[in-house]
Amino acid sequence: MFGRLKPCSTGLSVHALAISHARRSPFLYVRTVTATMPRRQLTTSTSGGLTLKTPKGTKDYTDKDMAIRDQVFSTITQVFKKHGAVTIDTPVFELTEILAGKYGEDSKLIYDLADQGGEQCSLRYDLTVPFARFIAMHGKEYQNIKRYHIAKVYRRDQPAMTKGRLREFYQCDFDIAGTYDPMIPDAEILRILCEALTALDIGPYTIKINHRKILDGIFQACHVPEESIRSISAAVDKLDKLPWEQVKQEMVEERGLDPTVADRIGDYVKLQGGQELLDMLSRDTKLTQNAMAAQGFADMKLLFEFLEVLDIQDKMRLDLSLARGLDYYTGVIYEAITPQSTAGGVGSVAAGGRYDELVGMLVGRNKKGKPSLQVPCVGVSLGVERIFSILAAKYQHQPIKSKDTEVLVMAVGGGFIKEQMRLAKELWDHGIKASFMYKNKPKLDKQWSLCEKDQIPFAVIIGQDELDSNQVRLKDMRVKDKSQGGGIFIERNNLIDELKYRLKINS
């Protein structure tokens, strides 16, 4: 019920090769590491056998987990496609120089790979910079594109498994690249985010929203030195986890900010609200006299008008503490939170913003010293692991169907395996998902138990009596009364039509 993704492969270092192939070929990981890694890293201190564990910050997912995750991917993909997006794929690793200098203080979390043939590469930290690199390489063809990308990214973060913070995880990105009238793509991105979170049924959620120009305008109006703005912005971004006094202490003691300036910043970044807060700030002469803040207010005013038309304004909360630590954001920024993600320390379940200059950072300069290509972009990324954490908790006491099997072909007595195979083949030929036990003499109670365990809706039963009369018995396993007995008799030639009819009305 609940997409499947594929890794890429290449001639990397052993560690990178293992990661990039892990999902497609788990045996490759074991064989490669065994051949090249020091033995002491693979053996236990007691028995001398292999240490059977996943690397720190990674995890396996069971069939029940994958049922939920597949539904997450499928639901998000349907929303993305509804809004006219195409999908692309990029390598799981990029040239290190492409990723360098794009993530602010988080750059230390990038996984660097060993030099291979003169190229220094790193595992991708997100899907945004690779997308910008794709646009920079194919700018003539893709200066206007709606694209989505669902793939794994890697970060050397301190993992917190129960909170959905891993070192290897999926992101689901939707971005709009191109030059359009102000705030129109931004409004649709936020609509897409709301549709996806609503469709995922994760419960109530709020989207915190801010504008980099408003925030930077506040810093300038409060007399933060220009060279310290990004550093102070990174400190402010911690207000969702730390109280103001601790953030102020970091600004003053670690980042060298004047305490008076910090107090002025505090008067603003503690503010949260909706349209009324935006109206109030628009009357603040200290801010409106700042050209950058004034531009941010104009953008947000227009955006809120569009959000009202799209019927999602009530989901938004203007939060002046929202900074988004990544260096490439230039305009509107946002994060989605839920009561569960906030109370459980999971953090935001989705985030994004406008990044108009990232493509230009990756291309050469013209004679005037400006980027030879500039493609404005805006996008959002949904964090699958954090969404999965919420949904897994929601469904932990509910039965989860991990197999799509629709029919179990059962036998009463032994010696009917060929007839079971023949019947299963006919069902497969007609697009019906069917299975049978790999036993020549399957026990009847074990076959009934298999139906219950795998939540298979229909059982088709054959035995000598059924074969002699050219009939089968059909039982709807979801009906728990005794009216069906051991199944109703139907003509063998009518089985396919009967099953298709029942599957259709119950789909």
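Which residues have the most contacts inside the largest nonpolar core? The close-ups below start there, and the model they show is a predicted one.

**View 1. The largest nonpolar core and its contact-rich residues.** Met251, Ile265 and Leu382 have the most contacts inside this core, which has 79 residues. If you want one element to look at, pick helix H6, residues 184-200: with nine residues, helix H6 gives the most to the core.

**View 2. Close-up on isoleucine 265.** Setting aside residues up to four places away in sequence, Ile265 touches Phe219, Cys222, Val224 and Ile232, among others. Val236, Trp244, Met251 and Leu257 are also on its contact list. Met251 turns up here as a partner of Ile265, and both are among the residues with the most contacts inside the largest core.

**View 3. A second nonpolar core, separate from the one above.** This core has 26 residues, including Val129, Ala132, Tyr355 and Cys377. Keep Tyr355 in mind, as it comes back in View 6 as part of an aromatic cluster.

**View 4. Tyrosine 61 between a ring and a charge.** The structure holds 11 aromatic pairs, and here Tyr61 meets Phe388 edge-to-face, 5.6 Å centre to centre with 85° between the planes. Tyr61 sits in the loop between helix H2 (26-36) and helix H3 (63-82), while Phe388 belongs to helix H16 (residues 384-394), so this pair ties together parts that lie 327 residues apart in sequence. Tyr61 is partly exposed, at 22% relative accessible area, whereas Phe388 is buried, at 6%. Tyr61 has a charged partner too: the charged end of Arg69 sits over its ring, 3.8 Å from the centre.

**View 5. Phenylalanine 73 and tyrosine 170, an edge-to-face pair.** The ring centres of Phe73 and Tyr170 are 4.9 Å apart, with 70° between the planes. Phe73 comes from helix H3 and Tyr170 from strand E5 (residues 168-177), so the pair ties together parts 97 residues apart in sequence. Both partners are tucked away: Phe73 is buried at 1% relative accessibility, and Tyr170 is buried with a relative accessible area of 4%.

**View 6. A cluster of tyrosines.** Tyr103, Tyr125, Tyr328, Tyr329 and Tyr355 form one aromatic cluster. Tyr355 is the residue you met in View 3, where it is part of the second core.

**View 7. Lysine 475 over tryptophan 448.** Here Lys475 lies over the face of Trp448, 4.8 Å from the ring centre.

Key
Residues numbered from 1 in each chain as written. Predicted model: local features only at pLDDT ≥ 70, side-chain atom pairs only at ≥ 80, totals over all residues. Heavy atoms only, no water. Core = buried A, V, L, I, M, F, W, Y, C linked by side-chain atoms within 4.5 Å. Buried < 20%, exposed > 50% of the residue type's maximum accessible area, 1.4 Å probe, protein only. Helix = DSSP H or I, 4+ residues; strand = E, 2+ residues; numbered from the N terminus. Contact = heavy atoms within 4.5 Å. Phe/Tyr/Trp six-rings, centres within 6.5 Å; stacked < 30°, edge-to-face > 60°. Lys NZ or Arg CZ within 6 Å of the ring centre and 35° of its normal.
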